[in-house]
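Work through these exercises with the sequence and the 3D view side by side. Try each task before you read its solution.

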Amino acid sequence: MKPKVYFMDIIEPEQVCKLYQAAGKELKGRVAVKLHSGEEGNQNFLKPEFFKPMIEYVGGTVVECNTAYEGSRNTTAKHLKTLEMHGWTKYFDVDLLDGEGPDLELAIPGGKAIQKNFVGKNIAAYDSMLVLSHFKGHPMGGYGGALKQLSIGVASSYGKGYIHGVGNPDHFWTADHDSFLEAMADAAYSVIQYFRGEIVYINVMKNMSVDCDCCAVAEDPCMADIGILASLDPVAIDQACLDLVYASKDPGRKHLLERIESRNGAHTIEAAQALGCGVREYELVRLGD
């Protein structure tokens, strides 16, 4: 059976909960809610008010990890201040998974580009994960969605450098590009295995800039909002988002697709499928309001 990807073109906080319910998995125990806290200066990231009903519904803890480059989130002190400034700590319990070392090392024996992944040790406190992804472009990966959130997003600061450098953080900006995309898929697979499938994925196609929420200076969105998607398959949900961009008649899609295609963004999805993270063929189930 093809995995189901549930879709709704109404983008409102309450609809996120409806999509989660449609996915058909109740996350149990202590739920880690992985999202993007937003770099200081970024205007496109999805704000805490948007996700508030969803996070409250699962009773989750917002989890994040420090970045590996200069900015407002590359140290625990600065990241905590950014989380407060952006309103996350106002509404939710927040846990910087790699706020204090040492990292937790996850083995990836079948990894194509890397054979281990480094994540914040606090991940061990959680039984399941809700992955809330803002689908948009990305300067290096081409696009950002569920697979990037699982890989770069869950990796510790050191782990981010390790993935970018395909096993050598010193090669952060210079590693072979396709190998970097494959390293992202490897890292995503390690997190999927860690939670043994106890993960629900939600992608929000709103404020779609060619740039990521990690960019302090980002382009404004280049095309109209599309909708919200939910699935139990990270490969299927990211593929569905790409397909919806290709199917859009919005003239701005050309600019976003240029970013995705110029970085070979779909290769991350290909590599993730080859590893067994999920499958690219899916059934899109459209929901009304």
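**Exercise 1. Place Thr76 in this predicted model, and decide whether Thr76 is buried, partly exposed or exposed.**

Step 1. Find the element. Thr76 belongs to helix α3, which covers residues 76-85.

Step 2. Take the relative accessible area. For Thr76 the value is 24%.

Step 3. Apply the cut-offs. Buried means under 20% and exposed means over 50%. Thr76 has 24%, so Thr76 is partly exposed.

Step 4. List the contacts, leaving aside neighbours within four places in sequence. Thr76 touches Asn66, Leu96, Asp98 and Gly99.

Step 5. Look at one of these partners. Asn66 is ten residues from Thr76 in sequence. Their C-alpha atoms are 6.6 Å apart.

**Exercise 2. Do the same for Ala124: which class of exposure does Ala124 fall in?**

Step 1. Locate Ala124. The loop between β6 (116-119) and β7 holds Ala124.

Step 2. Read the relative accessibility of Ala124, which is 55%.

Step 3. Compare with the cut-off of over 50%. Ala124 is at 55%, so Ala124 counts as exposed.

Step 4. Check the distance to Leu97. Along the chain, Ala124 and Leu97 are 27 residues apart. Their C-alpha atoms are separated by 9.2 Å.

**Exercise 3. Trace the open sheet: in what order do its eight strands come?**

Step 1. Write the order. The strands run β4-β3-β2-β7-β10-β11-β1-β12. The pairing is mixed.

Step 2. Mark the edges. These are β4 (94-96) and β12 (283-286), each pairing on one side only.

Step 3. Note the twist, which averages 25° from one strand to the next.

Step 4. Add the helices. Helix α2 (residues 48-58) packs on the sheet and touches β2 (31-34), β3 (61-64), β7, β10 and β11. The directions of α2 and β7 make an angle of about 170°. Helix α7 also packs on the sheet, touching β7 and β10. The direction of α7 makes about 135° with that of β10.

Step 5. Check one pair of strands. β10 (residues 199-205) and β11 (residues 227-231) are antiparallel, with five bridges. Val204 has Ile228 in β11 as its bridge partner.

**Exercise 4. Examine β2: which residues of β2 lie on each side, and are they buried or exposed?**

Step 1. Recall the rule. In a regular strand, side chains alternate between the two faces of the sheet.

Step 2. Sort the residues. Val31 and Val33 are on one side of β2, and Ala32 and Lys34 are on the other.

Step 3. Check burial. Val31, Val33, Ala32 and Lys34 are all buried, and both faces of β2 are covered.

Step 4. Find the strand partners. β2 pairs with β7 in the parallel sense over four bridges. Here Ala32 stands opposite Met129. β2 also runs parallel to β3, joined by three bridges. Val33 stands opposite Val62 in β3.

**Exercise 5. Describe Ser133 and the largest cavity that Ser133 helps to line.**

Step 1. Place Ser133 in strand β7.

Step 2. Judge its exposure. The relative accessible area of Ser133 is 1%, so Ser133 is buried.

Step 3. Name its contacts, not counting residues up to four places away in sequence. Ser133 touches Gly145, Ala146, Gln149, Ile202, Asn203 and Val204.

Step 4. Turn to the empty space. Rolling a probe the size of a water molecule over the atoms shows where such space is left. The search finds two cavities of 30 Å³ or more. The largest has about 40 Å³ of space.

Step 5. Describe the lining. Besides Ser133, the residues there include Leu35, Trp88, Leu132, His134 and Asp213. β7 gives the largest share, three residues. By class, there are five nonpolar, three polar and one charged residues.

**Exercise 6. Characterise the largest pocket: what is its volume, and what lines it?**

Step 1. State the volume, which is about 380 Å³.

Step 2. Survey the lining. There are 27 residues, and Tyr69, His138, Lys148, Ile152 and Cys214 lie nearest the centre.

Step 3. Name the elements that give two or more residues. They are β7 (128-134), β8 (136-138), α5 (146-150), α6 (157-164) and α7 (177-195).

Step 4. Sort by class. The lining has eleven nonpolar, ten polar and six charged residues.

Note on methods: Residues are numbered from 1 along each chain as its sequence is written. This is a predicted model: local features need pLDDT of at least 70, side-chain atom pairs count only at pLDDT 80 or more; totals for chains, interfaces and linings use all residues. Side-chain values use heavy atoms; hydrogens and water are left out. On a 1 Å grid over the protein atoms alone, a cavity is a set of points where a 1.4 Å probe fits but cannot get out, and a pocket is an open set with protein on both sides within 12 Å along at least five of seven lines; lining residues have an atom within 4 Å of a point. Grid points are joined across faces, edges and corners, and a volume is the space filled by probe spheres set on the points. Ala, Val, Leu, Ile, Met, Phe, Trp, Tyr, Cys and Pro count as nonpolar, Asp, Glu, Lys and Arg as charged, and the others, Gly among them, as polar. Two strands pair if DSSP finds at least two bridges between them. Axes are lines fitted to C-alpha atoms, for helices over the stretch in contact, and angles run from 0 to 180 degrees between N-to-C directions. Contact means heavy atoms within 4.5 Å. Buried means under 20% relative accessible area, exposed over 50%, partly exposed in between (1.4 Å probe, protein chains only).
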